[in-house]
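Trainee: I'm new to this one and would like a close look at a single part. Could you take one helix, tell me how covered it is, and then walk me outward from there?

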Amino acid sequence: MTFSDSLRRNWFSNLRGDILAGIVVALALIPEAIGFSIIAGVDPKVGLYASVVIAIVISFAGGRPAMISAATAATAVLFGSLVREHGLQYLLAATILAGVLQILAGYLRIGYLMRFVSRSVMTGFVNALAILIFMAQLPELIGVTWQSYAMIAAGLAVIYLFPRLTRAIPSPLVCILVLTGAALMLGIDTRTVADLGELPDALPMLLIPQIPLTLETLWIILPTSVAVAAVGLLESLLTASIVDQMTDTKSDKNRESIGQGIANIASGFFGGMAGCAMIGQSVINVKSGGRSRLSTFVAGAFLLFLLLVLGDWVGLVPMPALVAIMIMVSIGTFRWSSLTDLRHHPRRSSLVMLATVITVVGTHNLALGVGVGVLLSGIFFAWKVAQIFRVSSILSADGRERDYLVEGQLFFASAADFEAAFDFREKLERVRIDVSRAHIWDLTGVQAVDMAVLKFRREGVEVELIGMNEASATIMDKLAVHDQPGALERMLGH
């Protein structure tokens, strides 16, 4: 593919859709960036500058076109204690270091770890995010005037009904324009974007964090940077997988990891905090017609235009319009089919999904929830594989020899069953252990074979291992000790 073909496909293949989608996303980014700044304990400008810089940089450096990255709650919540104890400059330094760590992770091909995240974990992650997105709107749904409720209902009606007339203009953008016009003409008393905080009126400036360049400073920011880098990559890579499914296209997860790092380094040097991919805004972008890198660039560039040129007008946008959009996002993000699937899918898969949802919603920690889901998936998989392991035996006609046939996977979860299958007190002269239908995977499996051989030899029985495949033979040759001098005393003498 030539450079011009690549440029056309990645940037200019969907001009109208990308530009309109980027405008919608830019408007929806403002209240969230302000809210995330408050979570981190910093001025709203920090979150807004971060969203501008990260969105623009990631449009060039990222590995997933049409995905939106900006300041997020997942990373903002990790900065709270650092800001309280050391101030904004340490947040900027921690952001830059987190970016460096993410670049290293990308070069270490961390993206390949996504293959270990099961579909049940992905579904739980998506459902939990949908619930968190809706819960984030509760402050605008509780204790407000009836006019606010009416505007939210009207906004949802516009979002879902307008596409029946035409899809030329994204319905979320129409929702914002209609509700803003109605609020101004009718004088409706409701919260607006301006009520959230002062919007910046100048370009972000390149700066170097004013901190001592010492090991003490490194130890102060390192724990926060590691946490931010890990959570940011986890949410970004999972969101990339979700956008892959929505658009039926592939993405480069390792390039995305490096791109996230570059974007966060740029954010720190321009006075912003760290961010990552945003599933809510990415869903808005895709559903509004965004498909290429241009949509992400427009989101960041138009956000900057809104802040610098149209700041006064943006401040007039009523919060019910943005709440209606985010409710649409939460409804569209939630996998409703997963509720009916609970009756049909295996119980273990459903338990993994529910555990992921409960952990994420209960702790607001995406990394912890996904970690719990992946851990349960691994445990259930190991348990299932261990269940299809068995050992059978045949005694010779003269009662002097016994042939054991091992079938299945011999590893840490099945090693106990392997050892329990042998009768070491039986009076025999010779034992053959046939592992031609088995595979030895790990050190625990090797030690189980060692122990069986040595126990038989302790009873004076001659033991022969037969049928071992090449991979099993390789790990046995490397780790097994039953043929080494003194092995019997070392393993059985204690």
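Mentor: Let's start with helix H3, which is mostly covered: 14 of its 18 residues are buried. Keep in mind that this is a predicted model. H3 runs over residues 44-61. From its first C-alpha to its last it reaches 26 Å, close to the 26 Å expected at 1.5 Å a residue. While you have a helix on screen, here's a handy rule: an α-helix has 3.6 residues a turn, so residues three or four places apart point the same way.

Now for the charged pairs. A search of the whole structure turns up 13 salt bridges. Take Lys253 and Asp244, which form one of them, with their closest N and O atoms 2.8 Å apart. Both Lys253 and Asp244 are buried.

Next, have a look at Arg430 and Glu464, whose side chains meet in a salt bridge at 2.5 Å, N to O. This pair ties together distant parts of the chain, 34 residues apart: Arg430 sits in strand S5 (residues 430-440), and Glu464 in strand S6 (residues 462-466). Glu464 counts as partly exposed because its relative accessibility is 30%, and that class lies between under 20% for buried and over 50% for exposed.

Then there's Arg458 with Glu459, another salt bridge, at 3.4 Å from N to O. Arg458 has 41% relative accessibility, so it counts as partly exposed. Glu459 is partly exposed too, with a relative accessible area of 30%. Some bridges also share partners: Arg64, Asp244 and Lys253 are joined into one network that way. So the buried Lys253 and Asp244 come up again here, as members of that network.

Finally, let's go out to the surface, for a nonpolar patch of about 760 Å². The residues that make it are Tyr160, Leu161, Ile331, Trp336, Leu339, Leu342, Leu354 and Ile358. Helix H8 (146-161) and helix H17 (347-363) are the elements that give two or more residues to the patch. Pick out Leu339 from that list: you'll find it in helix H16 (residues 337-341). Its relative accessibility is 44%, so Leu339 counts as partly exposed.

That's the tour: from H3, where 14 of 18 residues are buried, through the salt bridges, and out to the nonpolar surface patch.

Conventions:
Residues numbered from 1 in each chain as written. Predicted model: local features only at pLDDT ≥ 70, side-chain atom pairs only at ≥ 80, totals over all residues. Heavy atoms only, no water. Salt bridge = Lys/Arg side-chain N within 4 Å of Asp/Glu carboxyl O. Buried < 20%, exposed > 50% of the residue type's maximum accessible area, 1.4 Å probe, protein only. Helix = DSSP H or I, 4+ residues; strand = E, 2+ residues; numbered from the N terminus. Expected span 1.5 Å × (residues − 1). Patch = residues over 30% accessible without salt bridge, like charges linked within 9 Å, V, L, I, M, F, W, Y side chains within 5 Å. Areas by Shrake-Rupley, 256 points an atom, 1.4 Å probe, with all protein chains shown as cover.
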